[in-house]
Amino acid sequence: MKVELNDFEKEVGMLVAKKRHYMNRDNGVFDDRQTDKMTELEPDIEGAMSELAFCKITGVYPANVFTFGISSKRKGTDGGDAKVNGKVFDVKSTKHLGGRLIARKNNPHVDVYALMVGQEGSYDFKGVMESKDFISSKRYGDHFMFRTPVFMALQKELIPWEEYINA
């Protein structure tokens with residue numbers, strides 16, 4: 001399921017990313033994402049834009065995207081990225097076409113994880129996985145891709161949005 005942010009949405013995503021980035025850094029929250037050759041701000045930009053794209057596809061107002069405050073899983077202040085039908089979603093993104101759904105830590109506030117593939121405002125919504133199925137010992141480990149263990153699911157394991165929302 002593809003989505004393209006328009007120029008205004010991209011500009012909003014950029015503003016949100018910059019605000020988040022500087023607020024978190026000023027308050028001692030540092031990004032521990034292991035990225036390949038990204039600038040310091042790029043993970044925040046792609047995070048904000050993919051969250052906006054998720055909200056656009058799912059038809060929900062991006063209230064959590066526009067909530068500014070210190071957001072840290074480690075400190076327990078990350079309340080997820082969007083709320084759909086009473087469930088809290090954590091939107092993950094990657095620019096790699098074959099990218100996987102990856103989370104470094106369990107976030108007890110999240111009910112469902114979603115994967116967006118793309119960059120710079122153009123994304124393909126690959127699917128979702130319930131937290132109870134994703135955050136498990138069988139998915140946690142050294143997947144030969146990262147410096148530390150992570151939770152991981154392949155795209156083929158994700159539930160397509162249409163199937164998930166109509167279940």
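1. A good place to start is D81: with a relative accessibility of 9%, D81 counts as buried, because buried means under 20% relative accessible area, exposed over 50% and partly exposed in between (1.4 Å probe, protein chains only). Please keep in mind that this is a predicted model, where local features need pLDDT of at least 70, side-chain atom pairs count only at pLDDT 80 or more, and totals for chains, interfaces and linings use all residues. Residues are numbered from 1 along each chain as its sequence is written, and side-chain values use heavy atoms, with hydrogens and water left out.

2. Where does D81 lie? D81 sits in the loop between helix 2 and strand 2 (82-84); helices (H or I, at least four residues) and strands (E, at least two) are DSSP runs, numbered from the N terminus. Apart from neighbours within four places in sequence, D81 is in contact (heavy atoms within 4.5 Å) with E51, N64, V65, F89, D90 and V91. The D81 side chain also reaches the backbone nitrogen of V91 at 2.7 Å.

3. Helix 2 covers residues 42-58, 17 in number, and spans 24 Å from first C-alpha to last, close to the 24 Å expected at 1.5 Å a residue; that expected span is 1.5 Å times one less than the number of residues. Of the 17 residues in helix 2, 15 are buried. Just after helix 2 comes G59, with a positive phi of about 75 degrees.

4. Next, have a look at strand 5 (residues 112-119), where seven of the eight residues are buried. Strands pair if DSSP finds at least two bridges between them. Strand 3 (residues 87-94) runs parallel to strand 5, joined by six bridges, and T94 stands opposite V117 in strand 5. Strand 6 (residues 122-130) pairs with strand 5 in the antiparallel sense over eight bridges, with G118 opposite Y123. In the hairpin of strand 5 and strand 6, two residues lie between the strands, and E120 has a positive phi near 55 degrees.

5. Finally, the aromatic rings. Rings of Phe, Tyr and Trp (its six-membered ring) pair if their centres lie within 6.5 Å; planes under 30 degrees apart count as stacked, over 60 as edge-to-face and the rest as tilted. The count comes to ten aromatic pairs. F89 and W161 form an edge-to-face pair, 5.8 Å centre to centre with 65 degrees between the planes. This pair links distant parts of the chain, F89 in strand 3 and W161 in helix 4 (residues 161-165), 72 residues apart. Both F89 and W161 are buried, and ring pairs link F54, F89, F125, W161 and Y164 into a cluster.

Definitions and conventions:
A polar contact is a pair of N or O atoms within 3.5 Å; within protein, one must be able to donate a hydrogen and the other to accept it, and residues adjacent in sequence count only if both atoms are side-chain atoms.
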